[in-house]
Amino acid sequence: QYFAGTNPVTIRVCTNPKQQLSEEMNLFFANQNINVAKLAAEKRLFYVNYEHFFKYKANPHQAFPDELFDREPLFDQLDFYFHPCAIVLVLDDDEEETRQELDILAISVNSDPVDGKMDRDVYSKDTATPHEWRMARAVVANADAQIHQWISHLGNCHMGMEPIIIGLHNTLKATNHPLMDYFTPAIKDTLTINWLALNSLSRYGPMSGGDLISSMGVGQ
């Protein structure tokens, strides 16, 4: 699911592991005798870094100012609702023409910085326990969901389509252009759904739907 469509646009080609991957990741690969420099040279190494999430430290489920709440908050205050992380992927080693599958090489999960330095634990399916490996993959899926749901889906897809839909309505539909028959199924009810989302899911206020279902929350 992560590769097939959750948010593949976040995946980057790793060309320089020493610069693009953390010190802990490089040390882990060296200890496991995994030559990441060779994989990078073969254009088989990829990575996704969610460590910029470290700046989101406020409790997202109470992003609305305290004085504007008319009830007790539903949740206790927490420092984090997700852990920033990074994942390294490798392309299968078949012939270049038939390379089709990505596999997880390692996942680093970060905790609070200590004296400004990140504390990273690195996991792989060969070195972690089943529970640790499940936890690490869940951390990646949760972090990626924040980008997918708020930016890729709601922002770039739904909100980004609004001016295009209005333009289609004012040009193709207004002139009864036959191409409007092609676009209509794809844009049907989108503006209505967006209006509902702005007044529920992404509404900035108490009991916002986005605060209840998303780790990042509307306030951030």
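Let me start with Arg120. In this predicted model, Arg120 has a relative accessibility of 18% and therefore counts as buried, the limit being under 20%.

What does the side chain of Arg120 meet in a salt bridge? The partner is Glu24, and the N to O distance is 2.9 Å. Glu24 belongs to helix H3, while Arg120 belongs to strand S5, residues 117–123, so this pair ties together parts that lie 96 residues apart in sequence. As general background, side chains of opposite charge can pair when their charged atoms come close.

Stay with helix H3 for a moment. The helix covers residues 23–31, and its buried residues are Glu24, Met25, Asn26, Phe28 and Phe29. Glu24, then, is on that buried list as well as in the salt bridge to Arg120. Just after H3 comes Asn33, which takes a positive phi of about 55°.

Back to the charged pairs. How many salt bridges does a search of the whole structure find? The count is four. Beyond the Glu24 pair, I want to show you Lys38, Glu42 and Arg44, which salt bridges link into a network. Glu42 is bonded in this way to Lys38, with the closest N and O atoms 2.5 Å apart. Glu42 also has a salt bridge to Arg44, where the closest N and O atoms are 2.8 Å apart.

Are these three residues buried or exposed? Lys38 has 45% relative accessibility and counts as partly exposed. Glu42 is partly exposed too, with a relative accessible area of 26%. Arg44, at 11%, is buried.

Now the nonpolar side. In soluble globular proteins, nonpolar side chains tend to be buried together. Here, the largest nonpolar core has 24 residues, and those with the most contacts inside it are Tyr50, Ile87, Ile107 and Trp133. Which elements give two or more residues to this core? They are strand S2 at 45–49, strand S3 at 85–91, strand S4 at 102–114 and helix H5 at 130–173. Helix H5 gives the most, with eight residues.

Apart from that core lies another one, of 15 residues, including Cys14, Met25, Tyr47 and Val88. You have met Met25 already: it is among the buried residues of helix H3. So that you can find the places again on the structure: look for Glu24 and Arg120 at their salt bridge, for the network of Lys38, Glu42 and Arg44, and for Trp133 in the largest nonpolar core.

Terms used
Residues numbered from 1 in each chain as written. Predicted model: local features only at pLDDT ≥ 70, side-chain atom pairs only at ≥ 80, totals over all residues. Heavy atoms only, no water. Core = buried A, V, L, I, M, F, W, Y, C linked by side-chain atoms within 4.5 Å. Buried < 20%, exposed > 50% of the residue type's maximum accessible area, 1.4 Å probe, protein only. Helix = DSSP H or I, 4+ residues; strand = E, 2+ residues; numbered from the N terminus.
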